[in-house]
Amino acid sequence: MPLNDERPTSTSSGEDQGSDVESSSERCDSMTSTSDLDCSRESFTSDTSSKHCTPSSSPPKTLTLDEVMESARDLSNLSLAREIIVNHNFHVETDSLPQDSLWKAVRDNLHKAFWDILESELNDDPPEYGQAIRLLEEIREILLSFLNPGANRMRTQIMEVLDMDLIRQQADNDAVDIQGLASYIITTMGKMCAPIRDEEIKKLRESSDNIVTLFREIFRVLDLMKADVVNLTINIMRPVLQRQGVEYERATFQSILDKTPNALKHTTSWIKSALEELLAITPKDGLEKGERLVPGPFQVLNTAFLRILTWEYDKSPLPETWMTDETRLREIQLQLQRCQAVNEVLLIIYSTIGGPIQGLSSLSDRLKRMISVLLDGMHGRDFNLEEALEGVSAQICCELNKSLTERNYPTLSPALQATLRGQICSITQEDNPIRTLVEDRVHQYFMALICDPKPQAKLEQVPAGLTAIKPELALLGAKFVSLVNYNKAVYGPFYADIIKKLIFSNISPPPPAANPPQDTAQDSTASN
């Protein structure tokens, strides 16, 4: 398990995970004036907080290769821990390379060369056991790695039977019982393996292949057993990581931050862009001269979280604090975009056709399924969305005419079909009003979930016009909010530090107080 024996320094219960950064609708909408912030500047920027709550970053420095490799290992551990925590189906499988890949060809050739050398040496007269001894030594180390720390009896037995010094002496006298050693190895594997591997062990016992083929099969089953051990370890560690994951991930990221300069560069830019967006729409009426409304920290953070939902991956990298969730975020984004396209097409259909198809849930479900299928893969490189929408339009017209005919309504006129086709194909334009409306309401829905401390109660409360994709929105909303809340719990102190610096850097210092007017009469009296 490549966690490098790292353990969290302290534990945290589920209730404590959200203690660093709270999220509430009241704070989400808060705006603070510069005068209020000036009063709290000293307490907000004081150094009395503990290191646990105030992340530190190293000053710029030249990194050594060891430091770079250590940071990369920390990031790998962080990604692995996050995957184990959030993905209950995560498990390790034996390597399976594509059939036509170069890597598979190289690996297969190397393995073939190894086994050919072994077969050649054992067929010599007298046999040469150098390759076989190295093979037995590797098998012994694998078997020992399967043992629990207290399995001393089994450990001693393996060391006695697979005693490399004794086997080398036997090889010098051409007295090595390779078949007997293979039989012992298979028996020992049968004692150690999971029940799912019993059939594989049975095949090894009954095998009539030559010794080289037998050892090749032994190594194949050993690879399966190694994967079983890793997966068992993952299942054992998952509850521990779920309880202590926030502390572990935060401590690991802090160690990366201590070693790597500018480790929060993209995160700072991401939060800064959210702050600038809010400052651009902040009302300025009713403020005194020199006073400026500044968005509250939670409003800035929630706006930044919403930006993650529509992140343009081809234009800029994700913030460092979101890198471990990139695959999940991309999947949510692609599914959401397809749901939006389906909803846009359905809105156009019902607004264009009107009464004759209103209230027909079965028709609505058929249209929704048909559109979803035809738009499947819409983000692929070779997918032509305009052509797909043309096909969607044609299929929709056929389905509508069929439904209208069954209920004795006149079919769609050619002019109406052309209008419907044109409106559906126009959703590829970014300024399309239907597209804009749907995107705005989807953003409104997700912002409500992000701001609410109990978002589960609002998952089913979709804005008007999104009812057709309500089940899909609720599912995607639950996934996204889960990622946001966990991310907030882990990286909340880092976000607080960044927002603090950004907000105060956007506040102009108050003008210096004018010198009080001097009393010239008193001055003249005093001089006299």
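**Exercise 1. Work out how helices α13 and α17 sit against each other in this predicted model.**

Start with the axes: those of α13 (residues 326–353) and α17 (residues 433–451) come within 10 Å and cross at roughly 130°. Now classify that angle. Roughly antiparallel needs an angle over 145 degrees, while roughly perpendicular covers 65 to 115. The α13/α17 pair is therefore oblique. For handedness, the crossing of α13 and α17 is right-handed.

Next, look at who touches whom. On the α13 side you'll find Leu336, Gln340, Asn343, Glu344, Leu347 and Ile348, and they meet Ile434, Arg435, Val438, Glu439, Val442 and Phe446 of α17. Sort the residues of this contact and you get seven nonpolar, two polar and three charged.

**Exercise 2. Do the same for α5 and α7: which class does their packing angle fall into?**

The axes of α5 (130–146) and α7 (164–172) are 11 Å apart, and the angle is about 160°. The cut-off for roughly antiparallel is over 145 degrees, so α5 and α7 count as roughly antiparallel to each other. As for the sense of the crossing, α5 passes α7 in a right-handed way.

Then check the contact itself: Ile133, Leu136, Glu137 and Arg140 from α5 meet Met164, Ile167, Arg168 and Ala171 from α7. That breaks down into five nonpolar, no polar and three charged residues.

**Exercise 3. Find the largest nonpolar core and say which element gives the largest share of it.**

Begin with the count: this core has 62 residues, and those with the most contacts inside it are Trp270, Trp322, Phe446 and Phe480. Then ask where the residues come from. The elements giving two or more are α3 (65–86), α10 (211–259), α11 (265–280), α12 (297–309), α13, α17 and α18 (470–505). The largest share, 18 residues, belongs to α18.

Now zoom in on one of the hubs. Setting aside residues up to four places away in sequence, tryptophan 322 touches Trp270, Phe305, Ile308, Leu329, Leu483, Val484, Asn487 and Tyr495. Don't stop there, though: a second, separate core of 39 residues includes Phe146, Met164, Ile211 and Leu214.

**Exercise 4. Is glycine 245 buried or exposed, and what does it touch?**

First place the residue: glycine 245 lies in helix α10. Its relative accessible area is 1%, and buried means under 20%, so glycine 245 is buried. Leaving out residues up to four places away in sequence, glycine 245 touches Ile85, Val240 and Tyr486. Take the tyrosine: glycine 245 and tyrosine 486 are 241 residues apart in sequence, yet 9.5 Å apart in space, C-alpha to C-alpha.

**Exercise 5. Hunt through the loops for unusual backbone geometry.**

- Try the loop between α4 (102–123) and α5 (130–146), where proline 126 is placed. The peptide bond from aspartate 125 to proline 126 is cis, with omega near 5°.
- Move on to the loop between α7 (164–172) and α8 (178–192), which holds aspartate 174. Phi of aspartate 174 is near 55°, a positive value in a residue other than glycine. With a relative accessible area of 43%, aspartate 174 is partly exposed.
- Finish with the loop between α15 (385–406) and α16 (414–425), home of asparagine 408. Asparagine 408 also isn't a glycine, and has a positive phi of about 65°. Its relative accessibility is 73%, and the cut-off for exposed is over 50%, so asparagine 408 counts as exposed.

Technical notes. Residues are numbered from 1 along each chain as its sequence is written. This is a predicted model: local features need pLDDT of at least 70, side-chain atom pairs count only at pLDDT 80 or more; totals for chains, interfaces and linings use all residues. Side-chain values use heavy atoms; hydrogens and water are left out. Helices (H or I, at least four residues) and strands (E, at least two) are DSSP runs, numbered from the N terminus. Buried means under 20% relative accessible area, exposed over 50%, partly exposed in between (1.4 Å probe, protein chains only). Axes are lines fitted to C-alpha atoms, for helices over the stretch in contact, and angles run from 0 to 180 degrees between N-to-C directions. Angles under 35 degrees count as roughly parallel, over 145 as roughly antiparallel, 65 to 115 as roughly perpendicular and the rest as oblique. A crossing is left-handed if the near helix is turned anticlockwise from the far one by less than a right angle, and right-handed if clockwise. Contact means heavy atoms within 4.5 Å. Ala, Val, Leu, Ile, Met, Phe, Trp, Tyr, Cys and Pro count as nonpolar, Asp, Glu, Lys and Arg as charged, and the others, Gly among them, as polar. A nonpolar core is a set of buried Ala, Val, Leu, Ile, Met, Phe, Trp, Tyr and Cys residues joined through side-chain atoms within 4.5 Å.
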